[in-house]
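Here are my notes for a colleague who is meeting this structure for the first time. They are arranged as numbered points, to be read with the sequence and the model in view.

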Amino acid sequence: GESCTVSVEFTPASYAPLSGTLTAAGQDPAATAAVALTGTGVGRLYCTNDADGDGTYPVGTVIVANRDGSGQRELFYGQDGPDAVAAGGGHVYWVTDNDDFGQGPDPGVVKRANLNGSDPQAIVTGQNIGAPPGGGVVVDASYVYWTAYNNGTIWRASLDGTGAKIIVTGMNGPLGVAVDGGFIYWVCYNGTVWRAGLDGGAPKLLATGQDHPVGVATVDRHPD
C-alpha cells in the first residue's frame with residue numbers, strides 16, 4: 001500500500017529522441033513494475049573564453065550552456081589559451097596554447113572530457129598550436145582533427161588521442177577546421193580556404209583573397 005516518487009534524468013551523448021524502461025523490482029516478483037520512458041535529449045552549447053589583458057577574464061575557461069543560451073556555467077576554469085572547442089561521440093574536445101597543469105609553458109595540448117565535464121584528460125601534448133587565434137578542432141565518428149598554426153600542419157588522431165599524426169603540411173597559418181562527409185576543410189590566416197580527404201590526401205585550394213579568415217563550417221544542404 002506504500003508508494004514513492006522516482007525522478008529520472010536523461011544524459012544523452014547526442015541531441016535526439018530517447019526511449020527507455022524504468023523497472024521497479026521488489027521481494028515479491030509479482031510486484032515488479034515496468035514503465036516506458038520517452039523524451040528528447042537536451043542539447044548543449046560549448047564555447048571557450050581566452051584570458052584578456054584587462055582582468056575581466058584573468059584565465060581561460062570552457063563554458064557550457066543550453067542551446068538557447070540559458071544555464072550558462074564554467075565547465076573548466078584556469079585554461080591557458082583555449083582556442084577552439086568541438087563536441088561529439090559523448091565527449092567535448094578543446095585545444096589550448098599552453099599547459100595549464102602547473103608545469104610551465106607548453107606548445108599546446110588537445111584535451112577531452114565527458115560532456116558533463118567529468119574525467120578531463122590531456123590526450124595529445126607537445127602541439128605547436130601557437131598563440132591566439134591559435135588552432136581549430138573538430139571531431140567525426142572516428143577521429144579528432146586539429147590545426148597547428150605555428151608549424152602549418154593539420155593533425156588527426158583517434159578519439160582517445162592515440163595514433164596522432166600529421167596529415168597535411170606546408171600551410172600558412174591554419175586556423176578553423178571542419179569535417180563533412182569524406183572531406184576535411186580548413187582556413188589559413190593568409191586568406192585561403194582548403195579541402196582534403198579525411199586522411200589528408202589530395203589537398204585542394206578552394207578560395208583565395210579572404211581577409212584573415214579564422215573559422216569555417218559546413219552543412220549537408222543549403223536552401224536555394
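1. A term used throughout these notes is "buried", and a residue is called buried when its relative accessible area is under 20%, exposed when that value is over 50%, and partly exposed in between. The structure shown is a predicted model, and the values quoted below are to be read with that in mind.

2. With that cut-off in hand, strand E7, residues 91-96, is a good place to begin, since six of its six residues are buried and the strand is mostly covered. In a regular strand the side chains alternate between the two faces of the sheet. In E7 both faces are covered, with His 91, Tyr 93 and Val 95 buried on one side and Val 92, Trp 94 and Thr 96 buried on the other.

3. The pairing of E7 can be followed in two directions. Strand E6, residues 82-88, runs antiparallel to E7 and is joined to it by six bridges, while strand E8, residues 109-114, is likewise antiparallel to E7 and joined to it by six bridges. His 91 appears in both pairings, standing opposite Gly 88 on the one hand and opposite Asn 114 in E8 on the other. The connection between E6 and E7 is a hairpin with two residues between the strands, and Gly 89, in the turn, has a positive phi of about 60 degrees.

4. Which side chain does Gln 79 meet in a polar contact? The partner is Trp 94, and the contact between the two side chains is 2.9 Å. Gln 79 belongs to strand E5, residues 73-79, and it counts as buried because its relative accessible area is 7%; Trp 94, for its part, is among the buried residues of E7.

5. The loop between strand E4 (60-66) and E5 holds Gly 71, which counts as exposed because its relative accessibility is 56%. The C-alpha atom of Gly 71 is separated by 9.8 Å from that of Arg 44, although the two residues are 27 apart along the chain.

6. Strand E11, residues 143-148, is largely enclosed by the rest of the structure, because five of its six residues are buried. Its pairing with strand E10, residues 137-139, is antiparallel and made through three bridges, with Val 138 and Tyr 145 as bridge partners, and a hairpin of three residues connects E10 to E11. On its pairing with strand E12, residues 153-158, E11 is again antiparallel, here with six bridges, and Trp 146 has Trp 155 as its bridge partner in E12. Four residues lie between E11 and E12 in their hairpin, where Gly 152 takes a positive phi near 65 degrees.

7. On the surface, Val 6, Val 8, Leu 22 and Val 35 form a nonpolar patch, whose accessible area together is about 310 Å². Val 6 lies in the segment before strand E1 (17-24), and it counts as exposed because its relative accessibility is 52%.

8. How many disulfides does the structure hold? The number is zero. A disulfide is a covalent bond between the sulfur atoms of two cysteines. As for individual cysteines, Cys 188 is buried, with a relative accessible area of 1%, whereas Cys 47 counts as partly exposed at 34% relative accessibility.

Methods: Residues are numbered from 1 along each chain as its sequence is written. This is a predicted model: local features need pLDDT of at least 70, side-chain atom pairs count only at pLDDT 80 or more; totals for chains, interfaces and linings use all residues. Side-chain values use heavy atoms; hydrogens and water are left out. Patches are made of residues with over 30% relative accessible area and no salt bridge: like charges are joined within 9 Å, nonpolar side chains (Val, Leu, Ile, Met, Phe, Trp, Tyr) within 5 Å. Accessible areas come from the Shrake-Rupley method with a 1.4 Å probe; for residues, only the protein chains shown count as cover. A salt bridge is a side-chain nitrogen of Lys or Arg within 4 Å of a carboxyl oxygen of Asp or Glu. Buried means under 20% relative accessible area, exposed over 50%, partly exposed in between (1.4 Å probe, protein chains only). A disulfide is a pair of cysteine sulfur atoms within 2.5 Å. Two strands pair if DSSP finds at least two bridges between them. A polar contact is a pair of N or O atoms within 3.5 Å; within protein, one must be able to donate a hydrogen and the other to accept it, and residues adjacent in sequence count only if both atoms are side-chain atoms.
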